[in-house]
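Biologist: I have a model open and want to learn to read it. Where do we start?

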Amino acid sequence: MSLTGRCFCGDVRFAVDGPVGWAGYCHCDSCRRNCAAPVAAFFEVKLDQMRWTGATPATYQKTPGATRHFCARCGTPMAFTAEWYPGDIHLYIATLDRPDAVLPQNHVHAEERLPWFDIRDDLPRIDGFGDPDTPARRSLCQPEG
């Protein structure tokens with residue numbers, strides 16, 4: 001799949017030439033605060049199938065091992081990488097030039113959903129980030145402790 005995206009001002013741009021591995025809504029407190037929104041929508045691809053085609057984004061680390069990427073000019077959140085997801089990058093669906101090209105598959109960290117945010121779709125609601133019997137059950141924002 002070939003996807004392109006950009007920040008609000010257009011300085012930071014990216015291209016993806018590979019399949020989307022995961023797409024969904026994250027309700028965790030860290031993602032909400034990073035985006036100043038009630039929910040964040042991400043999709044995951046392999047780092048070696050994605051490239052920055054404009055300015056390289058600035059980075060911020062609040063949680064050790066987790067890096068948030070954003071445009072230094074306009075502030076648009078662009079991506080999330082973490083040591084516990086080696087070789088992966090999570091990009092925001094809303095930054096895509098065609099955000100309708102990637103459909104969320106579930107809601108993760110549903111236990112942190114804001115009580116006034118009414119979800120009216122039929123997508124699975126997952127506490128945490130996946131099946132507790134798999135290594136994928138980790139927060140998008142911080143490793144399990």
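Modeller: Start with burial. This is a predicted model. Of the 145 residues in the protein chain, 43% count as buried.

Biologist: Which secondary structure elements does the protein chain have?

Modeller: Count the helices and strands, then read their order. Here there are one helix and 11 strands. From the N terminus, the order is β-β-β-α-β-β-β-β-β-β-β-β.

Biologist: How do I read contacts against the sequence?

Modeller: Ask how far apart the partners sit along the chain. Take contacts between residues at least 6 apart in sequence: 56% of them join residues at least 24 apart.

Biologist: Which residues have the most contacts inside the largest nonpolar core?

Modeller: Phe14, Val16, Phe43 and Leu91 do, in a core of 17 residues. Two or more residues of this core come from each of β2 (13-17), β4 (40-46), β8 (77-82) and β9 (88-92). Another core, of 13 residues, lies apart from it. Cys26, Cys31, Ala82 and Tyr85 are among its members.

Biologist: And the surface?

Modeller: Look at area and at the atoms that supply it. The protein chain exposes about 7,800 Å², and 51% of that comes from carbon and sulfur atoms.

Biologist: Now a single residue. Why does Leu103 count as exposed?

Modeller: Compare its relative accessibility with the cut-off. Exposed means over 50%. Leu103 has 62%, so it counts as exposed. Leu103 lies in the loop between β9 and β10 (107-108).

Biologist: How many residues separate Leu103 and Trp22 in sequence?

Modeller: Check sequence and space together. Leu103 and Trp22 are 81 residues apart in sequence, and their C-alpha atoms are 9.6 Å apart.

Conventions: Residues are numbered from 1 along each chain as its sequence is written. This is a predicted model: local features need pLDDT of at least 70, side-chain atom pairs count only at pLDDT 80 or more; totals for chains, interfaces and linings use all residues. Side-chain values use heavy atoms; hydrogens and water are left out. Helices (H or I, at least four residues) and strands (E, at least two) are DSSP runs, numbered from the N terminus. Buried means under 20% relative accessible area, exposed over 50%, partly exposed in between (1.4 Å probe, protein chains only). Contact means heavy atoms within 4.5 Å. Accessible areas come from the Shrake-Rupley method with a 1.4 Å probe; for residues, only the protein chains shown count as cover. A nonpolar core is a set of buried Ala, Val, Leu, Ile, Met, Phe, Trp, Tyr and Cys residues joined through side-chain atoms within 4.5 Å.
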